[in-house]
Amino acid sequence: MNTMGTDGLIIDAVSHDYGGKDVVREVSLRVGPGELVCLLGPSGCGKTTTLRIAAGLEAPRKGRVFLDGRLVSGDGTHVPPEHRHVGFLFQDYALFPHLDVLGNVEFGLDRLARPARRERALAVLEQVGMTAYAGAWPHQLSGGQQQRVALARALAPHPRLMLLDEPFSGLDKRLRDQVRDETLHVLKTSGVSTLMVTHDPEEAMFMADRIAVMRAGRVVQMGEPAELYSRPADAFVASTFGEINMLAARVAGGAVETAVGRFAAPGLAESQAAGVLIRPEGVSLTPAADGEAVVLVSHHLGRSSLVHLRVEKDGMAPQHLHARLPGTLCPAEGARVRLAVDPAQAFVFPANGEGG
Amino acid sequence: MCGVMSASPSPRLAAEALSARPPGAGWVLLALALAVLVALPVLMVAANLAAPTEGVWSHLAETVLGAYVANSLWLMLGVGLGVTIGGVGTAWLVTMCRFPFSRSLEWALLLPMAMPAYVVAYTYTGVLDYAGPVQSALRALFGWSSARDYWFPEVRSLGGAIWVMSMVLYPYVYMMARAAFLEQSVCVLEAARTLGRSPWRAFTQVALPLARPAVVAGVALALMETLNDFGTVHYFAVDTFTTGIYRTWLGLGQPAAAAQLGAVLMLFVLSLVLAERMSRGAGRFHHTTGRYRRLPQLELKGGKAAAALAFSAMPLALGFLLPGSMLAAWVIQDAALSGLGELAGNSLILAGVAGATAVAVALPLAYAQRLRPSPLVKGCVRLASLGYAVPGSVIAVGIMVPLTALDRLMGGLFLTGTVVALTYAYLVRFLAVSVNAVESSLGKITPSMEAAARTLGAGLGKTLRRVHIPMMRTSLLSAALLVFVDVMKELPATLLMRPFNFDTLATRTFTLASDERLADAAAPALAIVLAGLLPVMLLSRAIARSRPGGEE
């Protein structure tokens with residue numbers, strides 16, 4: 001089905017600045033054919049700029065961009081966006097207010113003859129379930145409908161690459177889940193390579209084949225969602241994918257000793273300061289009168305419960321710790337419990353490193 | 001995917017990759033060229049400051065220059081005072097207080113803008129001079145037989161000019177002050193109230209100082225118009241720079257000296273522009289909160305309400321209703337409408353062409369600035385807008401001096417005294433009006449619109465044509481309309497540059513009035529006023545809609 005080139009988008013050591021302020025530093029990433037890659041990071045980390053560079057809306061100061069094996073930016077070349085053949089879905093959708101839905105979708109199709117243009121426009125509108133609104137004006141549509149029309153408009157000319165800039169942030173929570181699901185299916189059926197920007201880790205994990213986590217203009221780690229979750233490269237990536245308990249410790253004999261147990265510290269120097277990051281869902285509790293922790297607060301959150309603990313261990317300062325327990329298993333406040341930490345949900349990183 | 005795409009874009013992509021030209025370079029060059037073209041006449045005049053004039057200049061300096069400077073300064077001082085009191089006072093009353101007709105006055109106070117000052121000057125003369133109805137009635141009432149029996153203020157004087165111009169120019173200040181009052185966050189005023197100020201003192205201590213930059217800007221605009229005025233001062237025989245330029249050029253046949261007078265006049269204007277810019281710079285820090293609500297209004301009763309109504313209605317009555325009805329009365333009495341069609345035709349064609357040209361030139365300038373907001377392009381746009389501050393007579397000199405030289409070189413009258421040269425003058429003078437309108441409406445279009453168009457395969461030119469222009473259609477039309485009406489009213493440049501035997505409504509009004517045929521001048525004058533009502537209606541609609549926080 002998918003015959004559009006063989007190698008998608010390659011961004012090679014691209015740097016960019018706005019008025020001397022570096023926003024993208026040495027970013028390299030690849031989006032394979034039919035692959036959906038998410039750029040994930042806090043606001044101002046350079047992810048939108050990276051997206052705009054891929055579209056040709058910005059010319060990078062350094063580095064190269066290849067689209068389907070052709071150089072489109074770098075080495076003195078800059079192919080303007082109108083010749084790149086990419087689809088861009090904007091945060092505010094950017095539907096043309098002076099054109100109706102059909103007119104918007106047909107905008108990028110003017111190299112086709114009139115009947116073919118109409119046929120293709122109606123086909124993509126069908127794909128996003130908006131055929132009934134072909135004659136409507138943008139201002140008559142709800143946010144979710146506008147998003148779908150914008151998606152259809154971007155997909156209509158069969159772009160080599162789709163670029164999505166926070167495409168769901170304008171929608172309220174419930175609608176967002178639905179539109180996200182539909183968008184994923186539309187993108188996957190059309191088999192187009194996609195680069196998407198988001199600040200929501202849950203959204204990234206929902207949509208992406210691979211995720212590139214960005215911070216301060218750099219890609220910190222890139223990989224499949226499960227890999228980023230289970231093997232984060234540093235504390236920043238670990239904390240990106242969910243709340244984290246952070247304990248300070250010092251390396252002794254290749255491991256660190258904490259109030260909640262001993263963790264291996266491979267690759268860390270002896271007596272180096274380290275941070276131990278423990279996911280709340282990696283902490284399990286068993287009621288025990290001689291347990292090392294006291295339940296301070298216990299909150300039921302629907303699918304899980306969040307328990308605040310004070311861990312007291314001889315010779316160590318008391319620690320505050322969160323545990324997330326599945327189901328409705330809620331220990332009483334004030335109860336004593338014994339802790340067990342799943343080593344796969346605990347990570348040891350050098351202190352003073354990035355994040356923390 | 002399904003092979004619907006007919007043409008693969010790859011060859012185009014490869015060809016495009018060869019050119020590493022930065023995007024939008026062509027638009028920047030175009031903007032640069034247009035800016036130079038438009039700024040050229042102004043720069044020509046400025047360059048004349050240093051040119052030798054074989055003694056004419058020193059002669060002028062010894063004889064009339066002192067009077068020009070003194071009269072212009074007195075005029076500016078008087079009009080400045082008049083428009084500040086009238087403009088701020090009326091804006092304050094209709095914005096802050098509620099009294100009979102206050103809501104209608106909000107828009108009606110703009111009406112005098114439709115009146116060219118020279119038209120008002122003619123009607124006042126007709127009403128108040130020795131043969132006019134007022135003095136005749138006084139003589140009949142008291143049994144006086146001649147001018148020696150009583151004293152009556154002379155309309156055709158410096159004081160009369162100040163009066164007339166204040167009456168038609170105060171709306172600039174009114175408009176700016178009112179907008180400033182309305183834009184102020186009510187929170188600021190409420191903060192003042194909670195800190196122990198009465199509504200009155202909250203206004204004088206908080207709202208008024210906050211509105212000061214807007215007031216200064218409005219006064220500066222009114223004073224630019226004052227310096228630009230030719231018809232009023234010429235008719236009232238008040239010698240100012242504009243009449244001096246006219247006389248030196250057409251009377252003495254000394255274009256170079258006229259250009260030097262123009263250059264001195266530009267120094268006056270420059271100081272006004274600087275004052276306005278400085279006040280605008282401070283104005284940027286205005287709004288600290290985003291909560292807007294209509295300002296709480298003081299309900300006025302009894303004597304206070306009557307006084308407020310009288311004060312606010314006075315400029316409307318004296319600047320619009322009285323002269324307007326006088327014109328109408330003259331037209332009905334005499335109905336000397338012969339030739340009016342041709343005059344109106346000339347005016348409409350000139351104004352229409354100028355309006356369209358101004359928008360056509362403003363578009364690439366504003367678009368280049370949007371694509372590349374570099375200091376160079378921004379400078380170009382400012383340079384091209386310079387003409388609005390420069391009096392029409394100065395622009396005429398700046399165009400005619402080089403054109404005459406060019407014609408002499410070519411041995412004939414090819415450019416001087418043609419409609420082309422006149423349109424050029426209008427473009428220089430009024431481009432700023434259309435640039436402002438296009439700039440602000442372009443600014444309202446989110447940048448993702450053009451990003452969307454570009455990623456969908458539209459180039460810069462096509463994006464402008466297919467996305468921006470359709471979205472801005474109404475704003476472009478109203479920009480053209482503003483220029484259109486300004487050109488209809490324009491007098492000094494038209495008088496100096498019109499082709500031989502070519503008359504417009506404005507020039508015919510002027511020549512008829514100069515021949516003391518005031519009643520005959522009424523018909524073309526009324527036509528100008530009626531055309532001038534169009535943008536005023538637009539403005540008042542915009543003002544009504546721009547009321548933050550809705551109706552109540």
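**Note on two helix sites, chains A and B**

1. Gly129(A) has a positive phi of about 70 degrees, just after helix 3 of chain A. Helices here are DSSP runs of H or I, at least four residues, numbered from the N terminus. This is a predicted model: local features need pLDDT of at least 70, side-chain atom pairs count only at pLDDT 80 or more, and totals for chains, interfaces and linings use all residues. Residues are numbered from 1 along each chain as its sequence is written, with chains lettered from A and ligands numbered from 1 in the order in which they are written.

2. Helix 3 of chain A covers residues 114-127, 14 in number. Its first and last C-alpha lie 20 Å apart, close to the 20 Å expected at 1.5 Å a residue (1.5 Å times one less than the number of residues).

3. Arg117(A), Arg120(A), Ala121(A), Val124(A) and Leu125(A) are buried in helix 3 of chain A (20 or more other C-beta atoms within 10 Å of the residue's own, C-beta atoms being placed from the backbone). Seen down the axis, the buried residues fall within an arc of 135 degrees, so they line one face of helix 3 of chain A. The arc is that of the directions from the helix axis to the C-beta atoms.

4. On the other side of helix 3 of chain A, Pro115(A) and Glu126(A) are exposed (12 or fewer such atoms).

5. Helix 2 (residues 25-47) and helix 15 (residues 340-371) of chain B pack at about 130 degrees, axes 9 Å apart. Axes are lines fitted to C-alpha atoms over the stretch in contact, and angles run from 0 to 180 degrees between N-to-C directions. The two helices of chain B, helix 2 and helix 15, are therefore oblique to each other (not under 35, over 145 or 65 to 115 degrees).
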